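Colleague: Before we discuss this chain, could you put the sequence and the coordinates in front of us, so that we can take a few residues in turn?

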Amino acid sequence: MNHRTDMEVRAHADHHASLRLWLRLLSATTRIEDTIRQRLREQFGITLPRFDLMAQLEREPQGLSMGELSRRMMVTGGNVTTIVDQLEREQLVQRQARPGDRRAFVVRLTPAGRDAFVAMAKAHETWVVELLSPLSEAQQEQLHQLLGTLKNSPQATSDSKET
């Protein structure tokens, strides 16, 4: 296993169980994400951020503003602009000025972008199913429930901001 993706090597038996669990979750997530990144690059010539942006647009056929894309993807506006510029050059998205505000744009998938995304999304789902296949369906459901408990805990949903 690659030490870059195995954060768990930092854990020791004398560390709190919560720290060991956190590092295991981080390692598993990173390994899965790295595999998906590599497969997207190899099979479709696309990066994960570009795929993620297209996924946001696929869910919103009427399009999204650059600001909304930035918020949903949790990246800076500059990052979104760079990704949109790349996808626009490849004719996978189109940017249209908002009526009444020439400075604001709505970004939509083009028909070619929608077709490309459908193919990528099918492959992505197959990869995720494969990567999680060491767990039975019952184990996946149990893990889903347990992670939902963490996700919805008051500590996880606090509005605290990093400084």
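Colleague: Is Ser65 buried or exposed?

Modeller: Bear in mind that this is a predicted model. The relative accessibility of Ser65 is 17%, and since buried means under 20% relative accessible area, the class follows from that value. Ser65 therefore counts as buried.

Colleague: Which residues is Ser65 in contact with, leaving aside its neighbours within four places in sequence?

Modeller: Ser65 is found in strand 1, which covers residues 64–65. Once the neighbours within four places in sequence are left aside, the residues in contact with Ser65 are Arg98, Phe105 and Val106.

Colleague: Turning to the backbone, where is Met74 found, and is this residue buried or exposed?

Modeller: Met74 is found in the loop between helix 3 (66–73) and helix 4 (77–89). Most residues other than glycine have a negative phi, whereas the phi of Met74 is positive, near 60°. With a relative accessibility of 75%, and with exposed meaning over 50%, Met74 counts as exposed.

Colleague: What is the phi of Gln91, and where does that residue lie?

Modeller: Gln91 lies in the loop between helix 4 and strand 2 (93–98). Its relative accessible area is 59%, so Gln91 is exposed. Although Gln91 is not a glycine, its phi is positive, at about 60°.

Colleague: Which side chain does Arg37 join through a polar contact of 2.8 Å?

Modeller: Arg37 has its place in helix 1, residues 17–44, and is partly exposed, with a relative accessible area of 31%. Leaving aside neighbours within four places in sequence, Arg37 is in contact with Leu48 and Pro49. The polar contact of 2.8 Å, however, is between the side chains of Arg37 and Glu33.

Colleague: What separation do the C-alpha atoms of Arg37 and His124 have?

Modeller: Along the chain, Arg37 and His124 are 87 residues apart. In space, the separation of their C-alpha atoms is 10.0 Å.

Colleague: How much accessible area do the residues of the nonpolar surface patch have together, and what is the relative accessible area of Leu150?

Modeller: The patch on the surface is formed by Leu135, Leu143, Leu146, Leu147 and Leu150, which together have about 400 Å² of accessible area. Among them, Leu150 has its place in helix 6, residues 137–151. Because partly exposed lies between the limits of 20% and 50%, Leu150 is placed in that class by its relative accessible area of 47%.

Terms used: Residues numbered from 1 in each chain as written. Predicted model: local features only at pLDDT ≥ 70, side-chain atom pairs only at ≥ 80, totals over all residues. Heavy atoms only, no water. Helix = DSSP H or I, 4+ residues; strand = E, 2+ residues; numbered from the N terminus. Buried < 20%, exposed > 50% of the residue type's maximum accessible area, 1.4 Å probe, protein only. Contact = heavy atoms within 4.5 Å. Patch = residues over 30% accessible without salt bridge, like charges linked within 9 Å, V, L, I, M, F, W, Y side chains within 5 Å. Areas by Shrake-Rupley, 256 points an atom, 1.4 Å probe, with all protein chains shown as cover. Salt bridge = Lys/Arg side-chain N within 4 Å of Asp/Glu carboxyl O. Polar contact = N/O pair within 3.5 Å; in protein donor to acceptor, adjacent residues only side chain to side chain.
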